[in-house]
Every structure is written in C-alpha cells, then in structure tokens.
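Biologist: Got a minute to walk me through this one? Let's take the surface, then some helix packing.

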Amino acid sequence: MVAIKEIVDRDTFEAWLEEQPEEHRHDIAVVLATRCALRVFPVWGAALHQDWARERDLTIYPVFRALLISGVACKFPIPVVFATYGAANAAANAVAAYDAGAAGADAAAADAADAAAAAADTAVADVIVAYLSAVEAADAADIAATDVDIWTTLRADIAAMEQGKDLMQWRLWQDDIPGPMVRSWRAASDWFARTPGHDFIRHWYNALVAARPLTGDWDSHWNMLEEIALIDHKDWDKGNTSAGAVELAAIIAEIEEKYKTPPKPQGNLAEDALALTQRNEQVSVNPKTGKLHVEAREPLPQVLYDRMQRKLNRALRKFDRVEGNGAYFLLYQDTQDWHLDINQTGNLPTDLYEICGEIVAHVKRRDRNGEIPDAKTDTLIAGFVEIVQSVGVEIYSADSETREFVERVQSVMPNTALEEETAALLKTAQFIGEHSDPGALADLPETGKQILAPVEDEQDLVQHSQRVTFVGRLLRAMGALGWSFTENAFKTAGTSAGKTIGTTAGVAVVDAASVQILTPYWHSALSAIFRFLGLG
C-alpha cells in the first residue's frame, strides 16, 4: 500500500491511484487532476501578454474550456457533458502542442496547457485508464509550477478527500498561495482586465481560489458552469482568436445574467468586507483626545508580548556588533527600521506577526540578490532568521485571531484592484491619519504608499496580508468617523465651530468641508476595496 505521505512523484501517484477501488477511481482521478491543472492555470494566463503569444493571437479560452468541463464533470458526470470533451481537449492539446518547443517561460506555459488537456482527458477516458491521464496532469502541473511543490498540495487534497471534503468547493491553496503563482495570476489578471472578452474568467478564478460560488449558492453555481460548458462547439471555437473571444464572452454573459442574484446593498458588502478583514483589533475614539486609535480587542498577556518583543530586539541588536563589517551593512541599516516597527506595534499581535514575515521575506530577497552573505550558511544571518520565524510561530500559536486572519487572507486572491484606485485610497488614508492619535492609523498614509507599490519577490505575499490589514483599517476608521455603509453617507459632519474634532455617541465628528472633499474619493476607494476582496 502506498501511504499518502509517500506520494512524491508521478510514479508514486500512479501506484496510489491503482490501489483505489475501481468504482471510485475515475471520480477521484478527475477531481485531483482538475485541481492540479487549476493551480497552474495562472502560468498560461501570465504568458498571454508576451510577444510570442500575441504574434499567434492566442487567448485563454481553449485552456479555460478544458478546465471548465473537467471541473463540471466532477459534479455532472453525465454523457451530455462528456460530449463536449472532444473539442475542449483537442483545443487545449492544440495550444500545448503549438508551443511544445518553446523555452523558459513559454515552456512552462505549454506545460500548464498540457495539464489542462490531461485533466480533460481524465474526465472522458475509460474508467480503467483514466488515472493515467490524471498522472499526466499532475506531472505537467509540477513541471509548469516552477519553485512550487505540486505534490505537497496533491497530498493535502487526498488527505482532505479522505476526511470527506468536497474538493471542488474547497480553497485551491490551503496554505499561503505560493509567490510564483501570485505573480503569475497578477500578470494574468491584469491582462484579462485590459483585454476585452476575459472578465468572466477573472471572476471565475478568483472565486475558485476563495472557494466561493459565483452565484448565490453552490447548486446554481454548478448549474451555471454546466450551461457555459455546454455552449455550442462553434461558439467555443470563436474564443480561439481575440475578436472571437469578445463574441464568446457575450454568450457567457447572457448565461451569467440568468443566474445573477440581486446585487447586495453596500451595507451588506461592507459587513462581508469587515468580516474578511477582521483581526485582533478595534478602531475607536480616544475619549481623551477625540481622535481615533487602534487597540487589540483581546490583548495577549503583556508579559508574553513583551517577551516576544525583547526576543526580536535582542536578535536585531546582534547586527549592532558588526556595524563596521561591510558584508552586513545593508542588514544593519534594515534593523534600525525594524527596531522602530517592532516597538511601535503596541499589543497588536497580528502586526507583530506581519513584521516577522516581512523581515524574513526581506532577508530572502537580499540573499537572492547577493547583497548579503549566504543566509543558509552564515551563522549570524541563519540564526537571526530562525529567531524571527520562531516568534512568528509563537504569535500564531498564542493568538487564535491571528490564525483566523491568516486563513482569511489566503481566501483572497492577490489582484491589482487597489492599485487602480491608489490616489483615492491614499486620500482616504490621509483623512483618517489627520483624525487619529499617533500610531498605526496616523501612519496609514505612509503605509499606503509602501504597500500599494508593486513588488516582485517573496515580499508580495507579506504585502498582500498588509493590504488586507490596510483596507480593514480604512473601513473601520471611516465607520468610527461617522460613515454609514447603509446610507452611503456620513452620519455626522461638523461641530459648533465647524473646524474642531469632537465626539458624538462614540463617533468622531469631522467638519463638513472635509467631508465634502473626501466623499467622492471614498466612494472610489470603497469600490476598489470590495473588488480587491472579491466582493464586487
């Protein structure tokens, strides 16, 4: 018997599948193959803006169709669905074959398309041999997913399946979304947003990653996807060119319209947004100053928090001893900023957790760029990273709210929605900062400038978490300043002096002139926040 932990390559996966009961082997193979291929879908999407793809006028639709149908087959394994597989599989194979000789990123894209084709093969193959196509899908996905261990995610899927999880309604990544996939999806999503005819695919994949139905419930979600999968072959073929993709998108939009639920009122969207961004903190009015401040809702024991801060500060001070050593000079400079960040967190455990992640990612980047001694072999750097990681683990273990926040962050697929409204978000952050006590809220304008700038390495995962924190604080601070999400307006604005800040029933009062200037910016910022969180 092959144990789950022993599945590490195509051979062990094939051996495991062979041992599954024949009556269930096909269904198991289809689900696992589909999820493997879905994980590397962004690799193909990210390649479409490149010259080689544009010269060939390639679109996302052939690969998308193969994945859509194999996914639907996990729910509706009936002959009428299978009838569409021949064309879908042929299209995906054609795309993969088109670039089979490409090198570098192009080859990875072709492997991603191969994985989609193999997933479609799995769904239509004979029960006895279907598992061989599933092995091909997993192997192609592993090759396409540079620096990502597909076999680890596959083992997690199998373990969850054995626990009774419905994998097609479960988050695609159970841990942090790997950096390469984040970067690929950002590139793909950006191209989809700029290219007519690709909006639905962007929404589909974001919902899939978050395990969220595109419609109001899972039943109607799968019914809609089945209807899209069964679009006539001739119409699907239109999606093979840029001009035809727009026509196909219009057909999909008509189907989507039938399943649309009435849009949620802004108040309901705000409730969802507040729930998604909930951390161990709350924004309130300081009765002494009449300004906003943020504090932990359930602070960790101060003794524990102080000990973790001291542990980090001691680790940072080790670089003070090598200040004159040029090899460590850049890290020494970094530690000065990190000292300030750590000591200004207050008892906000999730902030300290994010700082730990930011430090580790930053050291990795400097190491990869050759700016510091080898982080794996240099005892000073390796020991420093180990201490920082241990504090992060300690916070994660001690604070349930931090753990839950990390899980929620993983359900939000990184995207560029906030970058599209940077000016409005920074204007809102500035407004909040002006009405806040010194601390995290007063620093929001500077924080926004830092985290809304794109990054290209491991720090993008840390940045994504920081963006969720940032928008959560904007939402809560605006509520504390008097914004009514249900009325889409400020509840209070202005004081007797018209200039000063006071409090009314626990809500900070702001002058009417400032409100009038801010409101259109906040409307734009709020729309971007909902899109970023996958809510609108």
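Modeller: Sure. The chain's accessible surface is about 22500 Å², and 51% of that belongs to carbon and sulfur atoms (Shrake-Rupley method, 1.4 Å probe). This is a predicted model, where local features need pLDDT of at least 70, side-chain atom pairs count only at pLDDT 80 or more, and totals for chains, interfaces and linings use all residues. Residues are numbered from 1 along each chain as its sequence is written, and side-chain values use heavy atoms, leaving out hydrogens and water.

Biologist: What share of the chain's residues is buried?

Modeller: Of the 536 residues, 53% are buried, meaning under 20% relative accessible area with a 1.4 Å probe, protein chains only.

Biologist: How many helices and strands?

Modeller: 25 helices and 6 strands, as DSSP runs (H or I, at least four residues, for helices; E, at least two, for strands) numbered from the N terminus.

Biologist: OK, helices. How do α13 and α15 cross?

Modeller: The axes of α13 (residues 218-229) and α15 (residues 242-259) come within 10 Å and cross at roughly 160°. Axes are lines fitted to C-alpha atoms over the stretch in contact, with angles from 0 to 180 degrees between N-to-C directions. That makes α13 roughly antiparallel to α15 (over 145 degrees).

Biologist: Which residues meet there?

Modeller: S220, N223, M224, E227 and I228 in α13 meet I252, I255, E256, K258 and Y259 in α15, with contact meaning heavy atoms within 4.5 Å.

Biologist: And how close do the axes of α11 and α12 come?

Modeller: Within 8 Å, crossing at roughly 145°.

Technical notes. Angles under 35 degrees count as roughly parallel, over 145 as roughly antiparallel, 65 to 115 as roughly perpendicular and the rest as oblique. Buried means under 20% relative accessible area, exposed over 50%, partly exposed in between (1.4 Å probe, protein chains only).
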